[in-house]
Amino acid sequence: MHEAISANIKRIKNFFHFTKNYFIRNNPIKAFMTGIEQSIKDVLTIRKKQKLVKYRLNYQMGKLKQMEKLIAANNDHVFLRGRKFNETR
């Protein structure tokens, strides 16, 4: 009986020792606070990020329209443009 109690106490001590070391290495309170801080930063800078995304989207749309104009200008199937292009060659 005494051995069983001492074995259980030893297991409990080991468990608390492992738990303490885990909290020292990976502090969940610190990680939680870091997560909250990061979320607040994201919320406060969302307008700036939104403007950046709009700028990138408009830039890509401009490039796409420019490519479409070039393709349409050199396309044989567009009315008269293809013929005019071939005649000037």
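Which residue caps the N-terminal end of helix 2? Asparagine 27 does, through a side-chain oxygen that lies 3.3 Å from the backbone nitrogen of isoleucine 29. For reference, a polar contact is a pair of N or O atoms within 3.5 Å; within protein, one must be able to donate a hydrogen and the other to accept it, and residues adjacent in sequence count only if both atoms are side-chain atoms.

The model is predicted: local features need pLDDT of at least 70 and side-chain atom pairs count only at pLDDT 80 or more, while totals for chains, interfaces and linings use all residues. Residues are numbered from 1 along each chain as its sequence is written, and side-chain values use heavy atoms, with hydrogens and water left out.

**Overall architecture**

The protein has 4 helices and 0 strands, giving the pattern α-α-α-α along the sequence. Helices (H or I, at least four residues) and strands (E, at least two) are DSSP runs, numbered from the N terminus. Of the 89 residues, 1% are buried; buried means under 20% relative accessible area, exposed over 50%, and partly exposed in between (1.4 Å probe, protein chains only). The exposed surface amounts to about 9000 Å², of which carbon and sulfur atoms supply 64%. Such areas come from the Shrake-Rupley method with a 1.4 Å probe, and for residues only the protein chains shown count as cover.

**Helix 2**

Helix 2 comprises 17 residues (residues 28-44), which should span 24 Å at 1.5 Å a residue, and its end C-alpha atoms are indeed 24 Å apart. The expected span is 1.5 Å times one less than the number of residues.

Phenylalanine 32 lies in helix 2 and counts as exposed because its relative accessibility is 55%. Together with Ile29, Met33, Ile36, Ile40 and Leu44, Phe32 forms a nonpolar patch on the surface, with about 660 Å² of accessible area. Patches are made of residues with over 30% relative accessible area and no salt bridge: like charges are joined within 9 Å, nonpolar side chains (Val, Leu, Ile, Met, Phe, Trp, Tyr) within 5 Å.

**Salt bridges**

Side chains of opposite charge can pair when their charged atoms come close. A salt bridge is a side-chain nitrogen of Lys or Arg within 4 Å of a carboxyl oxygen of Asp or Glu, and the whole structure contains 2 of them.

| Salt bridge | Distance, N to O |
|---|---|
| Lysine 41 and glutamate 37 | 3.6 Å |
| Aspartate 42 and lysine 49 | 3.1 Å |

Lysine 41 and glutamate 37 are 4 residues apart in helix 2, so about one helical turn separates them. Lysine 41 is partly exposed at 45% relative accessibility, and glutamate 37 is partly exposed with a relative accessible area of 45%. In the other bridge, aspartate 42 is partly exposed at 31% and lysine 49 is partly exposed at 40%.

**Aromatic pairs**

The structure holds 2 aromatic pairs. One of them joins tyrosine 22 and phenylalanine 23 edge-to-face, at 5.7 Å centre to centre with 70° between the planes. Rings of Phe, Tyr and Trp (its six-membered ring) pair if their centres lie within 6.5 Å; planes under 30 degrees apart count as stacked, over 60 as edge-to-face and the rest as tilted.
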